[in-house]
Amino acid sequence: MKSDSAGQSPAADGAINRTLRVLVAVCERGPLTLTALSGITGLNPPTLLRMLRLMRDEGFVLQDEDRKWHATFLVWRLGCAVNDSIGLHEVTDRVLRDLAETIDETVVFATFENGWLTYSGQAEPDKPVRTHIPLGGHYGPLETRTGHAVLAWLTRAEVDKIIETQAPAAYTPPARKALYQELLEVAQRGYTSGTGDRWPGVWGAAAPVFNHRGRPIGAVGVSVPTGGVPDRGEAMAAEVRAAAQELTVELGGPVERPAAPLLTTTGPRAGRVPIRTRLR
């Protein structure tokens with residue numbers, strides 16, 4: 001068999017590719033049985049088992065008591081090392097800088113954790129009139145555009161829990177119904193826009209950022225100091241949505257925006273509500 005210029009045979013290259021494909025499947029979809037993993041990767045069980053045993057010997061995967069294969073913390077440590085070498089903030093800042101240059105307005109990235117938002121990244125345009133969002137600010141998702149972008153990809157139960165924890169008095173049955181309607185519309189559009197409760201004089205648009213499991217981990221947003229909808233509002237919202245998707249992919253999330261639970265839940269309160277344009 002003829003080797004390539006690097007001294008590696010084509011057959012060996014193919015084996016490496018298949019092994020890496022298996023490792024990705026185990027990390028993203030595991031724990032998995034051998035049969036399930038075979039269906040995902042398209043590899044026959046004997047070949048697959050041989051690869052898994054090799055990866056097990058090197059410390060990358062393990063088989064649990066249910067005979068399901070899963071990744072080990074070695075993979076996690078490697079991921080953390082990659083994150084440290086690339087720098088999460090460096091990736092976020094680059095996407096935000098490009099977005100701010102494109103739309104010439106202040107843009108932010110808000111991380112979502114334990115039901116709250118923290119503004120961790122910002123890029124501002126070089127012009128005298130602009131908004132400024134202090135980094136490190138801790139806000140409830142119910143009162144901001146970035147928060148509504150995240151809420152639209154949570155389950156109804158998760159949204160209800162946030163309401164009960166943070167603002168039960170403000171969300172009477174009619175107000176809660178209006179919020180559900182808005183979040184359905186956000187999920188269908190892929191972004192939210194309008195004025196928020198936190199900064200009434202500021203128009204904003206925001207779109208969610210997802211992790212590798214399709215769960216929202218934050219949102220990219222733009223803030224414009226105006227009392228109404230800016231002339232380029234729709235175009236800016238589209239740019240924000242594109243930047244959020246770019247950041248999602250950069251951070252290892254899905255290439256296609258995941259379906260929102262509010263739209264996929266079955267029943268009379270699911271996503272069959274007529275769309276109408278509303279700004280909060």
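Me: What share of the contacts with a separation of 6 or more in this chain comes from residues 24 or more positions apart?
Reply: Those residues account for 58% of such contacts. Keep in mind that this is a predicted model. The chain has 10 helices and eight strands, and buried residues make up 41% of its 280 residues.

Me: Why is the pair of Y119 and Y139 called edge-to-face?
Reply: Two checks here. The ring centres sit 5.5 Å apart, and rings pair if their centres lie within 6.5 Å. Then the planes: they meet at 70 degrees, and over 60 counts as edge-to-face. So edge-to-face it is. The chain holds two aromatic pairs by this rule.

Me: Where in the chain do Y119 and Y139 come from?
Reply: Y119 belongs to strand β4 (residues 116-123) and Y139 to strand β5 (residues 138-139). They are 20 residues apart, and the pair links distant parts of the chain.

Me: How do you know whether Y119 and Y139 are buried or exposed?
Reply: Look at the relative accessible area: Y119 has 4% and Y139 has 9%. Buried means under 20%, so Y119 is buried, and so is Y139.

Me: What makes W153 and F210 an edge-to-face pair?
Reply: Same two checks as before. Their centres are 5.7 Å apart, and the limit for a pair is within 6.5 Å. The angle between their planes is 70 degrees, with edge-to-face starting over 60.

Me: Why can you say that this pair ties together parts of the chain that are apart in sequence?
Reply: W153 lies in the loop between α6 (145-151) and α7 (156-166), while F210 is in strand β7 (residues 203-210), so the pair ties together parts 57 residues apart in sequence. With a relative accessible area of 2%, W153 is buried; F210, at 0%, is buried too.

Me: Why is α2 called roughly perpendicular to α3?
Reply: Helix α2 (residues 34-41) and helix α3 (residues 45-57) pack at about 105 degrees, with their axes 10 Å apart. Angles of 65 to 115 count as roughly perpendicular, so α2 gets that label against α3. The contact is made by L34, L37, S38 and T41 of α2 together with P45, L48, L49 and L52 of α3. By kind, these residues divide into six nonpolar, two polar and no charged.

Me: What makes H212 partly exposed?
Reply: Its relative accessible area is 43%. Buried is under 20% and exposed is over 50%, so H212 falls in between and counts as partly exposed. H212 lies in the loop between β7 and β8 (216-224). Leaving aside residues up to four places away in sequence, H212 touches G252 and G253.

Me: Why do D104 and N114 get different accessibility labels?
Reply: D104 has 36% relative accessibility, so it counts as partly exposed. N114 has 71%, and exposed means over 50%, so N114 counts as exposed. D104 has a positive phi, near 60 degrees, in a residue other than glycine. N114 is not a glycine either, and its phi is positive at about 55 degrees.

Technical notes. Residues are numbered from 1 along each chain as its sequence is written. This is a predicted model: local features need pLDDT of at least 70, side-chain atom pairs count only at pLDDT 80 or more; totals for chains, interfaces and linings use all residues. Side-chain values use heavy atoms; hydrogens and water are left out. Rings of Phe, Tyr and Trp (its six-membered ring) pair if their centres lie within 6.5 Å; planes under 30 degrees apart count as stacked, over 60 as edge-to-face and the rest as tilted. Helices (H or I, at least four residues) and strands (E, at least two) are DSSP runs, numbered from the N terminus. Buried means under 20% relative accessible area, exposed over 50%, partly exposed in between (1.4 Å probe, protein chains only). Axes are lines fitted to C-alpha atoms, for helices over the stretch in contact, and angles run from 0 to 180 degrees between N-to-C directions. Angles under 35 degrees count as roughly parallel, over 145 as roughly antiparallel, 65 to 115 as roughly perpendicular and the rest as oblique. Contact means heavy atoms within 4.5 Å. Ala, Val, Leu, Ile, Met, Phe, Trp, Tyr, Cys and Pro count as nonpolar, Asp, Glu, Lys and Arg as charged, and the others, Gly among them, as polar.
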